[in-house]
Amino acid sequence: MGEGPRRLRGPRGPPSPGGGHGVGKAAGTGARELTTGGSGGPEDEGRSRDGAVKMVKRSCPSCGPEPGGEEKKGRGNPISVQLFPPELVEHIISFLPVRDVVALGQTCHYFHEVCDAEGVWRRICRRLSPRLREQGSGVRPWKRAAILNYTKGLYFQAFGGRRRCLSKSVAPLLAHGYRRFLPTKDHVFILDYTGTLFFLKNALVSSTLGQIQWKRACRYVVLCRGAKDFASDPRCDTVYRKYLYVLATREQPAVVGTTGSRACDCVEVYLQSSGQRVFKMTFHHSMSFKQIVLVGQENQRALLLLTEEGKIYSLVVNETQLDQPRSYTVQLALRKVSRCLPHLRVTRMASNQSSTLYITDQGGVYFEVHTPGVYRDLFGTLQAFDPLDQQMPLALSLPAKILSCALGYNHLGLVDEFGRIFMQGNNRYGQLGTGDKMDRGEPTQVPLCACSLCSTRECLYMLSSHDIEHHPTYRDLPASRVVGTPEPGLGAGAPQDPGGAARACEEYLSQIHSCPTLQDRMEKMKEIVGWMPLMAAQKDFFWEALDMLQRAAGGVGPGPSTPES
């Protein structure tokens, strides 16, 4: 065979090294094709170095070969990819990197269906995580498991020093994605999506330059399984994180008069230095929790537990006596925010040493501030602070739904449904990101993007692990808010958009009208008062007035509907 750019007619030579048929590009065709040929010359471009089949990008394979394409000399007979068994195509695609599989699935409808098949992602998942025995849950379990393990990663950057490099940590091979992590003084704890909590021992060490770096030879062990959430001292200084509180589910043996064991939620306390369990408290099987946060000093540590129904319970322990071998009973009580505002359904909590923040399912934000100094830093005044009732929740004035939050000692950050970040509180060191050092007494928008971050006194940590079961969190801004300068604060949003405020009030009235009974309308009105951008004192006034009207109408019953006007 000739070696030049043109093929010469002649007898068929021996097959190219590697055996079988070569794979090449079919000239003049507009489809993705596999072409059979016998020569292994330079024009045999489709053969990869390892002898695997290479698919050449053309148009949709269902179109078939272009007429006249076979007349090209030396190109062989074109064959559509669809003629191959689907199992063979899936097997070939599963050897591609995850990024290439996703890119190939965006080329045409045929490859979109093939690359999205669970068989492909099952093979990819077993290649990425050979120790994974089960695919997990969800509509697309194998694809979800593969994406979780492909995107998992933990990065950190040390504060201070001349070198500002981003480093990647050593990942536990057994971890099924990363859900949460928490750094302590010497170690790092990582929770995966199967409820396994990993203990990375001596992960952080000091380098010769005095910076914090990740120890490549660190070893990890499984601290516990069946964990739902975990927490430690909420202060950013990891020196105070002596104990690790783990919310988990455990099988309890059957008691007298019952048959079989029951699954009960419990809180287990571990020493962060050694991973030894020093304390355990078990709750009744009828109570199911999903989040735990800590607040208060060590000798008066309050554990806040969020139930699946959105209620918050609290109990107090003396952390200085946890290492003493004794047994005692703690009292679990309903928190005031759930006791005084029973219509609220809390979905997320955040805390620091002296305050707590709650986010409801409707996107509202409520605050507990326990010290006057922190209250002054956050709101710029002590006007509404009550030192005798520190657990009374305060509602923030917000024109949009809040989805996530972060709470520092005397400042906070909020992310709304449009992906915007708002900061509030003390700005002495420029920590609000506003470009100045002026304190903010109300939420103020800053031009940043939201991501999963966690900071300590020494390092900034970035966690990555994508879950395809989570739908897009943020939605697009209305057209009236995209153009122009951003509003300076959340509280000032309503006066700048009177038309939007009027439409919001019409929507509120429509929601009240859709309620069937008077009691339901009163409850809906309480929720609407929490959404409206009002002062905290104004909201308290409306809530108390609505409670009075509701109690007065409670003895009469639902009664006839109120006039439509």
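**Exercise 1. Helix packing**

Identify elements that cover the buried residues of helix H4, and then name those residues.

Solution. Step 1: the cover over the buried residues of H4 includes H1, H2, H3 and H5. Contact here means heavy atoms within 4.5 Å, and helices (H or I, at least four residues) and strands (E, at least two) are DSSP runs numbered from the N terminus. This is a predicted model, in which local features need pLDDT of at least 70 and side-chain atom pairs count only at pLDDT 80 or more, whereas totals for chains, interfaces and linings use all residues. Residues are numbered from 1 along each chain as its sequence is written, and side-chain values use heavy atoms, with hydrogens and water left out.

Step 2: Gly119, Val120, Trp121, Ile124 and Cys125 are the buried residues of H4. The term buried denotes under 20% relative accessible area, exposed denotes over 50%, and partly exposed lies in between (1.4 Å probe, protein chains only).

**Exercise 2. One face of a helix**

Determine which residues of helix H1 are buried, and establish how they are arranged around its axis.

Solution. Step 1: H1 spans residues 86-93, and its buried residues are Val89, Glu90 and Ile93. Step 2: viewed down the axis of H1, these buried residues fall within an arc of 100°, so they line one face of the helix. The arc is that of the directions from the helix axis to the C-beta atoms. Step 3: an α-helix has 3.6 residues a turn, so residues three or four places apart point the same way. Step 4: the packing partners of the buried residues of H1 are helix H2 (98-104), helix H3 (109-115) and helix H4 (118-128).

**Exercise 3. A polar site around Asn149**

Locate Ser129 and Asn149, and describe the side-chain contacts that Asn149 makes with Ser129 and His176.

Solution. Step 1: Ser129 lies in the loop between H4 and helix H5 (141-151), while Asn149 belongs to helix H5. Step 2: Ser129 has a relative accessible area of 9% and is buried; Asn149, at 10% relative accessibility, also counts as buried. Step 3: the two residues are 20 apart along the chain, and their C-alpha atoms are separated by 7.3 Å.

Step 4: the side chains of Ser129 and Asn149 make a polar contact of 3.2 Å. A polar contact is a pair of N or O atoms within 3.5 Å; within protein, one must be able to donate a hydrogen and the other to accept it, and residues adjacent in sequence count only if both atoms are side-chain atoms. Step 5: a polar contact of 3.1 Å joins the side chain of Asn149 to that of His176. Step 6: leaving out residues up to four places away in sequence, Asn149 touches Ser129, Leu132, Ala175, His176 and Gly177.

**Exercise 4. The sheet E6-E7-E8-E11**

Which strands stand at the edges of this open sheet?

Solution. Step 1: the 4 strands follow the order E6-E7-E8-E11 with antiparallel pairing; two strands pair if DSSP finds at least two bridges between them. Step 2: the edges are strand E6 (180-183) and strand E11 (219-224), each with a single partner strand, so one side of each lacks a neighbour in the sheet. Step 3: from one strand to the next, the twist averages 20°. Axes are lines fitted to C-alpha atoms, for helices over the stretch in contact, and angles run from 0 to 180 degrees between N-to-C directions. Step 4: strand E7 (residues 188-191) and strand E8 (residues 197-201) are antiparallel and share 4 bridges, and Phe189 has Phe199 in E8 as its bridge partner.

**Exercise 5. The sheet E12-E13-E14-E15**

Trace the order of this open sheet and decide why strand E12 is largely enclosed.

Solution. Step 1: the 4 strands run in the order E12-E13-E14-E15, and their pairing is antiparallel. Step 2: E12 and strand E15 (277-282) are the edge strands, each pairing on one side only. Step 3: the twist here averages 25° from one strand to the next. Step 4: 5 of the 5 residues of E12 (residues 227-231) are buried, so the rest of the structure largely encloses this strand. Step 5: E12 pairs with strand E13 (residues 243-252) in the antiparallel sense over 4 bridges, and Ala248 in E13 is the bridge partner of Ala227. Step 6: E13 is joined to strand E14 (residues 262-271) by 10 bridges, again antiparallel, with Leu244 opposite Tyr270 in E14.
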